[in-house]
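I opened this notebook to keep track of what I looked up, entry by entry, for a reader new to the structure. The entries go from strands to helices and end with the ligand.

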Amino acid sequence: MKYMGGKSALLRGSLGDLVLEEAEGADRFVDLFSGAGSVGHFVAERAARPVLSADLQTYSKVLSAVIVERVRSLEQSLVISSWLAAARKQYDDDAVVARLRIEETVLSAHSVRVARQRASEVEGRRLTRHYGGHYFAPLQALAFDHMLSGMPEDLEIRTLALAAVIRAASACAAAPGHTAQPFQPTGTLLPYIRAAWKRDAFGEVQRQLDALAPRHARVRGHARVSDAEAVAGTLSEGDLAFCDPPYSSVQYSRFYHVLEGIARGGWDTVSGAGRAPARGDRASSDFSRRTAAVQSLTGLLQVLRLRGCQVMITFPDGNSSNGLSAAKIVELAKAQWHVTSTLVDSTHSTLGGRSEDARGGRRKLKEAVIVLRPKQGMIAVAMNTPPATKDGLNAGSTASRLSEAAAS
Ligand SMILES: C[S@@+](CC[C@H](N)C(=O)[O-])C[C@H]1O[C@@H](n2cnc3c(N)ncnc32)[C@H](O)[C@@H]1O
């Protein structure tokens with residue numbers, strides 16, 4: 001699946017070896033910025049270690065959970081095949097289908113406008129109303145609506161179904177690899193809309209199910225929606241914390257609100273050309289704020305140091321639009337950690353960001369893989385602090401105690 005900053009390609013190279021090597025020495029692998037879930041999946045399928053995955057976004061929890069929380073194959077699941085067959089039947093029987101079908105063989109700007117209008121009039125189907133004629137052909141959106149309306153009850157199976165729908169929606173979207181805004185029906189972009197709208201939503205979901213169902217973790221782990229620092233406050237010495245924080249000053253929630261909407265069963269309302277929910281409904285991260293990213297990473301490192309865990313960080317080599325860089329991270333860490341940094345080849349999406357990023361494209365660069373091992377002198381200080389509560393709420397206060405102790 002395409003995901004900005006996603007590590008699936010890099011894991012096939014030396015990043016994969018480095019991650020597995022570190023994971024073998026840990027009791028648990030903790031992916032603190034799990035995104036599309038590729039790192040957690042990689043470790044869960046290969047190492048006999050539980051994986052804990054966390055991210056601010058609900059779709060990310062689903063995409064991680066589908067592998068890290070499951071220890072059996074669902075390849076032959078009758079529940080899954082009946083769910084998809086029932087959704088297909090409901091769709092075939094839905095009277096709205098005839099109204100939403102686009103008759104023209106060649107899609108035009110006019111037919112896109114008509115499709116949008118008709119989809120917006122459909123009652124009781126949120127994805128069709130909100131995204132039909134924009135990100136998806138009206139009938140693709142209707143198919144997704146029917147899939148979501150009859151989800152299996154069993155949590156493990158429902159997670160598989162939902163992850164397949166989210167990944168299929170990402171593959172079908174008439175948008176440039178993310179869902180900040182759909183393609184508009186201009187002369188240049190109409191062929192892309194046409195190609196995206198031609199994809200069979202049921203076929204794409206089946207393809208995702210075929211790929212995901214046989215895969216599972218070796219040991220059961222857990223995925224949650226949570227802030228990285230809150231989770232960090234609950235960790236302990238045996239944990240390896242993997243950090244792949246944002247590198248852009250643009251919020252991830254701005255780029256993936258459609259996937260988030262699907263994961264949450266649709267938004268109440270959406271607006272604008274991007275068909276986005278209100279800004280207040282979207283997760284917001286200080287790691288994606290130029291004025292706050294360095295401070296956020298400093299705070300996270302302090303908590304991780306306090307908890308005594310091993311840490312692995314991946315970050316683009318060079319300056320990023322949120323003001324962080326691999327060099328800056330090494331600089332922040334070296335007082336309290338033994339630091340080793342390895343450069344691996346990478347390409348990065350610019351997230352359509354400003355400043356030093358070339359707008360809207362991808363650029364080749366190196367990715368730094370930074371491994372931090374706690375310096376011995378600091379461990380006694382960390383061990384004198386009380387354990388974090390289950391939800392990590394005392395993480396901030398213990399972090400500041402560590403800084404005070406280090407300073408004195
Ligand atoms: C570079 S992406 C991670 C990509 C991931 N490693 C993968 O392979 O798909 C960064 C992720 O951090 C998440 N994020 C941003 N701020 C966060 C925070 N404070 N706590 C947890 N996750 C956060 C974003 O939602 C995004 O999914």
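**Entry 1: the strands E1 and E2**

I looked first at E1 and found both of its faces covered, with Arg28 and Val30 on one side and Phe29 and Asp31 on the other, all of them buried. By buried I mean that 20 or more other C-beta atoms lie within 10 Å of the residue's own, while exposed means 12 or fewer and partly exposed anything in between, with C-beta atoms placed from the backbone. Helices (H or I, at least four residues) and strands (E, at least two) are DSSP runs, numbered from the N terminus.

I noted that this is a predicted model, in which local features need pLDDT of at least 70 and side-chain atom pairs count only at pLDDT 80 or more, whereas totals for chains, interfaces and linings use all residues. I number residues from 1 along each chain as its sequence is written.

Which strands pair with E1? Strand E1 (residues 28-31) pairs with E2 in the parallel sense over 3 bridges, and 4 bridges join E1 to strand E4 (residues 239-243), again running parallel; strands count as paired if DSSP finds at least two bridges between them. In these pairings Asp31 stands opposite Ser53 in E2, and Arg28 stands opposite Asp239 in E4.

For E2 I recorded that 5 of its 5 residues are buried. Val51, Ser53 and Asp55 lie on one side of E2 and Leu52 and Ala54 on the other, so to speak a strand with both faces covered.

**Entry 2: the chain as a whole**

I then stepped back to the protein chain, which has 19 helices and 7 strands, and of whose 408 residues 49% count as buried. Of its contacts with a separation of 6 or more, 74% are between residues 24 or more positions apart; a contact means that two C-beta atoms, placed from the backbone, lie within 7 Å.

**Entry 3: Ala368**

I picked Ala368, which lies in strand E7 (residues 362-374), and asked whether to call it buried or exposed. Ala368 is buried, because 21 other C-beta atoms lie within 10 Å. Leaving out residues up to four places away in sequence, Ala368 touches Phe315, Asp317, Ala326, Ser341 and Leu343. The C-alpha atoms of Ala368 and Phe315 are separated by 5.4 Å, although the two residues are 53 apart along the chain.

**Entry 4: helices H7, H12 and H9**

I checked helix H7 (residues 109-120) for length: its 12 residues should span 16 Å at 1.5 Å a residue, and its end C-alpha atoms are 17 Å apart, which agrees. The expected span is 1.5 Å times one less than the number of residues. Val112, Ala115 and Ala119 are buried in H7, and they cover an arc of only 60° around the axis, which puts them on the same side of H7. The arc is that of the directions from the helix axis to the C-beta atoms. I kept in mind that an α-helix has 3.6 residues a turn, so residues three or four places apart point the same way. The face turned away from the buried side of H7 carries the exposed residues His110, Arg113 and Gln117.

In H12, the residues Ala201, Glu204, Val205, Gln208, Leu209 and Leu212 are buried, and their arc of only 140° around the axis puts them on the same side of H12. They pack against helix H4 (58-68), helix H5 (78-93), H9 and helix H10 (155-172). The exposed residues Gly203, Asp210 and Ala211 sit on the face of H12 turned away from its buried side.

Why do I call H9 largely enclosed by the rest of the structure? I do so because 10 of the 12 residues of H9 are buried, including Pro138, Phe144 and Met147.

**Entry 5: around the ligand**

Finally I asked which residues come nearest to the ligand. Of the 22 residues around it, these are Gly5, Phe33, Gly35, Ala228 and Ser285, where a residue is near if its C-beta atom, placed from the backbone, lies within 6 Å. Helix H3 (38-46) and strand E2 (51-55) are the elements that give two or more residues to this shell.
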